[in-house]
Amino acid sequence: MCMRKRYITNMSQLFILFFFFILFISFSKADPLQDFCVADLTLPQSPAGYSCKNVSQVTVDDFVFTGFRNPSNISNTNMASLTPAFVAQWPALNGLGIAAVYAELAPGGQVPIHSHPGGTELIVVIEGTVIAGFISSSNKAYTKKVDAFEAMIFPQGLLHFQANTGSVKAKYVVSFSSPNPGVQTTSMSLFGNDLPSEILEKVSSIDVVEVKKLKAMFGGTN
């Protein structure tokens with residue numbers, strides 16, 4: 001009798017675990033019978049993305065992005081123009097696992113060292129040349145001059161950069177393996193924060209006077 005009760009208890013536990021496993025899978029994956037899920041940006045975003053706009057309100061224009069026609073201004077400190085097509089700009093990307101950016105770098109322009117915690121990046125140069133590279137978790141640097149009609153990939157989460165060392169404007173298209181790859185710029189994260197300079201001196205081995213200069217440069221406090 002005890003064996004039978006133990007068997008029933010174990011089967012019940014397995015059933016509960018199986019039920020929660022199926023529940024988790026159902027919430028963590030898109031419906032395979034749903035062709036697309038154009039984001040309804042009027043509703044809050046969840047970890048799984050945005051809720052879908054009613055299909056009756058979806059038109060072909062939702063699947064066409066025209067934002068690259070008007071790239072952002074290149075007259076800035078980095079001499080770089082980055083025009084994003086993330087889910088916030090292009091709701092049709094919701095749930096599809098991709099995003100894009102159109103980039104222009106003036107001669108001497110740069111995209112400073114940064115990382116994307118949420119996605120892998122791929123660039124395709126369409127005009128000019130860029131010096132691009134990334135740093136692995138073992139601190140090995142991989143750099144290369146990338147010419148027009150060549151491509152380079154930057155694995156998810158690794159520090160990477162692009163710079164135009166040529167004499168003409170460089171243009172390239174960036175794609176990501178996520179509709180919201182996120183971005184963290186190293187210099188801004190280190191010196192654009194409110195961490196006390198004395199603590200930053202200890203954890204970075206940079207003299208506190210230099211730390212304060214860098215904080216002033218990047219808008220940090222304390």
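## Exercises on a predicted model

**Exercise 1. Strand β3 and its partners**

Strand β3 (residues 110-115) runs antiparallel to strand β8 (residues 159-163), and 3 bridges join the pair. The structure is a predicted model. Find which residue stands opposite V111 in β8, and which stands opposite S115 in β10.

Solution.
- Step 1. Start with β8. Q162 of that strand stands opposite V111.
- Step 2. Turn to strand β10 (residues 184-185). Its pairing with β3 is antiparallel too, over 2 bridges.
- Step 3. Locate S115. Q184 in β10 faces it as the opposite residue.

**Exercise 2. The whole chain**

State how many helices and strands the chain has, and in what pattern they follow one another.

Solution.
- Step 1. Count the elements. There are 4 helices and 10 strands.
- Step 2. Read along the sequence. The pattern is α-β-β-β-β-β-β-β-β-β-β-α-α-α.
- Step 3. Look at the contacts with a separation of 6 or more. Residues 24 or more positions apart make up 63% of them.
- Step 4. Check burial and surface. Of the 222 residues, 28% count as buried. The chain exposes about 14100 Å², and carbon and sulfur atoms supply 63% of that area.

**Exercise 3. The largest nonpolar core**

Find which residues touch the most other members of the largest nonpolar core, and which elements give two or more residues to this core.

Solution.
- Step 1. Take the 20 residues of the core. L105, I123, V130, A132, M152 and Y172 touch the most other members.
- Step 2. Trace the elements. Those giving two or more residues are β2 (99-105), β4 (121-127), β5 (130-135), β7 (151-154) and β9 (170-176).
- Step 3. Zoom in on A132. Leaving aside neighbours within four places in sequence, A132 is in contact with I123, Y142, T143, K144, V146, M152, F154, F161 and Q162.
- Step 4. Recall a general tendency. In soluble globular proteins, nonpolar side chains tend to be buried together.

**Exercise 4. A nonpolar patch on the surface**

Name the residues of the nonpolar surface patch. Then decide: is V124 buried, partly exposed or exposed?

Solution.
- Step 1. List the patch. L122, V124, I126, I153 and V173 make it, with an area of about 340 Å².
- Step 2. Find the main contributor. β4 gives the most, with 3 residues.
- Step 3. Place V124. This residue lies in strand β4.
- Step 4. Apply the cut-offs. Buried means under 20% relative accessible area and exposed means over 50%. V124 has 32%, so V124 is partly exposed.
- Step 5. Add a general rule. In a regular strand, side chains alternate between the two faces of the sheet.

Conventions. Residues numbered from 1 in each chain as written. Predicted model: local features only at pLDDT ≥ 70, side-chain atom pairs only at ≥ 80, totals over all residues. Heavy atoms only, no water. Core = buried A, V, L, I, M, F, W, Y, C linked by side-chain atoms within 4.5 Å. Buried < 20%, exposed > 50% of the residue type's maximum accessible area, 1.4 Å probe, protein only. Contact = heavy atoms within 4.5 Å. Pairing = 2+ DSSP bridges. Areas by Shrake-Rupley, 256 points an atom, 1.4 Å probe, with all protein chains shown as cover. Patch = residues over 30% accessible without salt bridge, like charges linked within 9 Å, V, L, I, M, F, W, Y side chains within 5 Å. Salt bridge = Lys/Arg side-chain N within 4 Å of Asp/Glu carboxyl O.
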